[in-house]
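This briefing looks at the enclosed spaces inside one protein model. Please view the structure first, then read the points below.

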Amino acid sequence: MDDTRDAELEMRMVAVPSPAVPSRISPARSRRLHAMDRRFRWLTGGLAFLVLLLLVGVALSLFLRGWEAFHHFGFAFFWSDAWDPVTENFGALVPIYGTLVSSLTALLIAVPISFGIALFISELAPEWLRQPIGSAIELLAGIPSIIFGMWGLFVFAPVLGSAEPWLNDHLGALPGIGALFRGPPMGIGMLTAGIILAIMVIPFISAIMRDVFLVVPAMLKESAYGLGATTWEVARHVVLPYTRTAVVGGVFLGLGRALGETMAVTFVIGNAHDLHISLLDAGNSIAAALANEFAEAFSPMYKSALMALGFILFIITFVVLVLAKLMLWRLGQGQGKVGL
């Protein structure tokens with residue numbers, strides 16, 4: 001019996017091929033490989049440097065073309081609400097205010113909705129319903145912005161206009177925030193622009209949140225459920241702390257999308273160079289002002305003022321990205337810490 005087992009073992013050892021011993025690389029081939037590595041490193045480094053060079057070139061070009069307006073108006077250009085092409089008196093306060101307010105309004109609306117969508121898909125929805133809902137949400141990202149603008153102007157604005165008297169009567173009477181909801185019931189204005197922007201950024205934020213919620217280890221969530229935690233408690237104390245870096249990144253991605261949006265905002269914001277605290281009044285944004293007025297700029301100062309607005313939008317976006325990087329870096333130090 002033992003002889004038979006030994007024979008079988010020997011046959012198996014013979015049948016298994018021995019690992020091939022790598023042949024020694026010749027010096028000439030080694031030099032060629034090192035040369036290819038150096039060329040590849042220089043190529044990739046050059047492409048990365050080219051992107052940085054393009055970024056600096058765009059910023060420098062906008063600054064130089066807007067220098068006439070910066071030099072003529074000085075720092076007053078940033079806080080002046082004047083915009084008179086006839087007298088060539090320009091200020092950037094109204095477009096800056098409109099850009100920031102409409103974008104922040106969009107985030108205030110989009111982030112809770114996106115969180116609810118992502119939580120439903122990842123935790124509550126049955127398996128057969130997750131994919132259709134996820135695909136439907138992602139389809140919103142593929143719709144051109146001009147379609148959102150046309151829908152907002154011809155469909156949504158009349159509906160909101162009919163509801164704005166109620167906002168005036170009820171929310172407008174509240175102390176503090178009431179001034180935000182007192183205004184003419186036109187249907188177009190800062191609030192309409194914020195809502196349309198929120199609809200546009202929901203697919204980006206919710207898609208990121210859904211993807212990161214699905215990669216949370218099941219053991220963490222099951223442990224929390226085993227301790228008696230509810231779905232909301234699991235989402236708040238386990239899922240969000242574990243994925244907060246990616247969630248914040250998704251929120252800032254939506255903010256960047258909202259800051260630079262042009263056509264949808266141009267349709268519904270009202271395009272008025274007037275400064276109002278009310279969200280129901282018409283306003284303007286930097287992107288909308290550039291889209292509306294660049295073709296009509298008839299003087300060098302007018303064109304320079306528009307270029308200066310473009311440079312300001314570039315700086316705002318750059319500052320937002322820098323703040324996002326800093327916040328992500330700080331959040332990354334405590335990534336994955338959960339607690340009930």
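The lining of the largest cavity has five nonpolar, four polar and one charged residues. The model is a predicted one, and it holds two cavities of 30 Å³ or more. The points below take each cavity in turn.

**The largest cavity**
- Its volume is about 50 Å³.
- Val 94, Tyr 97 and Gly 98 are among the lining residues of the largest cavity.
- Helix α5, which covers residues 93-124, gives the most to this lining, with three residues.
- Met 190 also belongs to the lining of the largest cavity.
- Further along the chain, the lining includes Asp 274, Leu 275 and His 276, as well as Ala 282, Gly 283 and Asn 284.

**The second largest cavity**
- The second largest cavity has a volume of about 40 Å³.
- Its lining includes Thr 99, Ser 102, Ser 103 and Leu 197.
- Ala 258, Leu 259, Glu 261 and Val 265 line the second largest cavity too, together with Ser 285, Ile 286 and Ala 287.
- By class, these lining residues divide into six nonpolar, four polar and one charged.

**Helices around the second largest cavity**
- Three helices, α5, α10 (231-259) and α12 (286-293), each supply at least two residues of the lining.
- The largest share of this lining comes from α5, with three residues.

**Helix α5 and both cavities**
- Helix α5 gives the most to the lining of the largest cavity, and the largest share of the lining of the second largest cavity also comes from α5.

Technical notes: Residues numbered from 1 in each chain as written. Predicted model: local features only at pLDDT ≥ 70, side-chain atom pairs only at ≥ 80, totals over all residues. Heavy atoms only, no water. 1 Å grid on protein atoms, 1.4 Å probe; cavity = no way out; pocket = protein on both sides within 12 Å on 5 of 7 lines; lining within 4 Å. Points joined across faces, edges and corners; volume = space filled by probe spheres on them. Helix = DSSP H or I, 4+ residues; strand = E, 2+ residues; numbered from the N terminus. Nonpolar A, V, L, I, M, F, W, Y, C, P; charged D, E, K, R; others polar.
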